[in-house]
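Please read this report alongside the sequence and the coordinates. It starts with aromatic side chains and then widens out to the whole chain.

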Amino acid sequence: MPPPAAEATELRFDEEITVPKRRQSSSRLAASLHFLTDGMVFGTWAALIPSFKTKFGLSEAGLSVALLGIAAGAIISMPLAGRTVSRFGSRGNLRIFAPAFCISLALLVLAPNLGTFITAAILFGAVKGAFNVSVNSQAIAIENCAAKPIMSTFHALWSLGGMFAALVVGVALKAGIAPTTIAMWISTILMAVVLFTPPQLLGGDATPRTESKGGFRFPDGKLLKIGIVTFMALFAEGVMMDWSVVYTRTVAGAAPWLAPIAYGIFSGCMAGGRLVGSQVIARLGPARVLALGGVLLTAGLVVMVSIHQWPATFAGLALAGFGLSNIVPILFGAGGRAHEGGAGNGIATVSIMGYFGFLIGPPLIGGISHQAGLPGAFTLVVAFGLFIACCNRFLGSISTTAKS
């Protein structure tokens with residue numbers, strides 16, 4: 001998933017915002033292209049991880065250093081990007097960070113040595129974090145104008161972008177095209193897209209500095225419990241995204257051109273689950289969907305760690321993608337209703353805890369795998385899946401409707 005904008009997460013539909021329908025449509029299309037770009041750039045990175053691993057002769061532990069660099073860069077940039085969104089608006093941020101994210105992908109593949117690669121990874125993470133805050137803030141502005149919940153559609157497009165990138169990379173590698181050439185073409189095409197679309201994005205979402213008693217504070221009670229489960233869910237999601245291709249290549253024995261398809265399967269199933277998520281939650285209820293998601297995630301991971309053949313790994317990733325698809329939206333909604341200071345503060349608190357899991361999961365799994373191997377390291381994610389499947393009693397009642 002694209003990490004949420006912690007500084008601009010309040011889903012408030014403001015009736016005073018009046019934007020012509022045609023303008024709303026063009027802004028929504030422009031934002032959709034940015035989400036697709038975000039997903040495709042990150043998907044290209046994930047699909048090419050085995051190539052970077054081979055190029056620099058990295059072990060799983062060595063690769064985890066680069067992943068930790070991405071995490072560190074994002075953690076530093078996100079709060080700074082939130083402040084610049086407040087000052088200049090999300091459209092102003094996206095004019096800079098969207099093309100910069102495309103350029104940072106090119107810098108990764110052009111890195112001549114390990115030191116430069118790690119430096120480029122830190123920059124990649126920093127620009128990614130800023131891009132995510134900005135594009136989610138833009139999506140919230142569009143959602144406010146539309147006066148209906150459409151955020152899940154944007155996030156589905158992010159997943160579809162990752163799936164498409166993985167398929168493109170896999171086919172290109174099969175055709176014998178060098179990883180550097182693949183990444184440079186993708187980076188160039190996507191940069192052209194985001195350079196010409198900002199005028200269609202909504203402006204006017206900059207907010208003057210005002211007194212605020214909100215913001216992050218250490219959560220307690222039910223909010224802390226929701227945050228813990230969100231940490232586990234996004235930990236699992238981050239691990240699947242960054243390690244699925246490497247796992248398929250090194251553990252399941254897939255050919256170099258076939259391994260990137262693993263990321264596409266995971267992202268595609270997650271996107272499919274999100275596209276039908278609202279209807280499924282309305283029919284089964286959030287508690288059942290949450291439990292079912294944990295069961296599917298656990299089942300998929302058990303298949304992966306038990307059967308070291310790429311067809312089984314693909315099947316496991318599909319189950320994990322469907323399982324994770326609607327867990328985080330449910331938990332964000334529950335967090336928004338659990339905070340005394342209002343929905344925005346609750347979602348911000350939960351998202352910060354969850355995003356920490358999303359960032360720290362991949363490098364931690366890499367470190368553990370150095371001692372226990374990747375299948376052994378993945379058992380930690382199996383444990384998280386089991387906890388999520390059984391967490392309804394831990395969380396207490398949750399619902400999809402706001403308190404009356």
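## Aromatic cluster

One aromatic cluster is made up of Trp45, Phe52, Phe56, Phe101, Phe117, Phe124 and Phe131. The model is predicted. In total, the structure holds 14 aromatic pairs. In one of them, the ring centres of Trp45 and Phe117 lie 6.4 Å apart and the planes meet at 35°, so this pair is tilted. The pair links distant parts of the chain. Trp45 sits in helix H1 (residues 21-55) and Phe117 in helix H4 (residues 114-146), 72 residues apart. Trp45 has 0% relative accessibility, so it counts as buried. Phe117 also has 0% relative accessibility, so Phe117 counts as buried.

Phe101 and Phe124 form another tilted pair, with 5.0 Å from centre to centre and 35° between the planes. Here too, distant parts of the chain are linked: Phe101 belongs to helix H3 (residues 90-110), Phe124 to helix H4, and 23 residues separate them. Both Phe101 and Phe124 are buried.

## The nonpolar core

Which residues touch the most other members of the largest nonpolar core? They are Trp45 and Phe378, in a core of 111 residues. Helix H7 (residues 221-250) gives the most to this core, with 15 residues.

Leaving out residues up to four places away in sequence, Trp45 touches Phe52, Leu67, Ile70, Leu105, Leu108, Phe117, Phe124 and Asp242. Three of these names, Phe52, Phe117 and Phe124, recur in the aromatic cluster.

## His34 in helix H1

Helix H1 also holds His34. Is His34 buried or exposed? Its relative accessibility is 0%, so His34 counts as buried. Beyond residues up to four places away in sequence, His34 touches Leu94, Ala98, Phe131, Val135, Val194, Thr197 and Leu201. One of these, Phe131, is a member of the aromatic cluster.

## Helix H2

Helix H2 (residues 60-88) has 29 residues. From first C-alpha to last, H2 reaches 41 Å, close to the 42 Å expected at 1.5 Å a residue. Where does H2 bend? The bend is at Met78 and comes to about 30°. A proline, Pro79, follows within four residues.

Both ends of H2 have a local feature. At the start, a side-chain oxygen of Ser59 comes to within 3.1 Å of the backbone nitrogen of Gly62. After the helix comes Gly89, with a positive phi near 90°.

## Helix H8

Helix H8 (residues 261-275) has 15 residues. Its first and last C-alpha atoms are 21 Å apart, close to the 21 Å expected at 1.5 Å a residue. How many residues of H8 are buried? The count is 12 of the 15, so H8 is largely enclosed by the rest of the structure.

The buried residues of H8 include the aromatic Tyr263 and Phe266. Gly264, Gly268 and Gly273 are also among them. So is Arg274. The others are Ile261, Ala262, Ser267, Cys269, Met270 and Ala271.

## The whole chain

The chain has 14 helices and zero strands. Read along the sequence, its pattern is α-α-α-α-α-α-α-α-α-α-α-α-α-α. Of its 404 residues, 55% count as buried.

Contacts reach far along the sequence. Among those between residues at least 6 apart, 86% join residues at least 24 apart.

Definitions and conventions: Residues are numbered from 1 along each chain as its sequence is written. This is a predicted model: local features need pLDDT of at least 70, side-chain atom pairs count only at pLDDT 80 or more; totals for chains, interfaces and linings use all residues. Side-chain values use heavy atoms; hydrogens and water are left out. A nonpolar core is a set of buried Ala, Val, Leu, Ile, Met, Phe, Trp, Tyr and Cys residues joined through side-chain atoms within 4.5 Å. Buried means under 20% relative accessible area, exposed over 50%, partly exposed in between (1.4 Å probe, protein chains only). Helices (H or I, at least four residues) and strands (E, at least two) are DSSP runs, numbered from the N terminus. Contact means heavy atoms within 4.5 Å. The expected span of a helix is 1.5 Å times one less than its number of residues. The bend at a residue is the angle between axes fitted to the seven residues ending there and the seven starting there. A polar contact is a pair of N or O atoms within 3.5 Å; within protein, one must be able to donate a hydrogen and the other to accept it, and residues adjacent in sequence count only if both atoms are side-chain atoms. Rings of Phe, Tyr and Trp (its six-membered ring) pair if their centres lie within 6.5 Å; planes under 30 degrees apart count as stacked, over 60 as edge-to-face and the rest as tilted.
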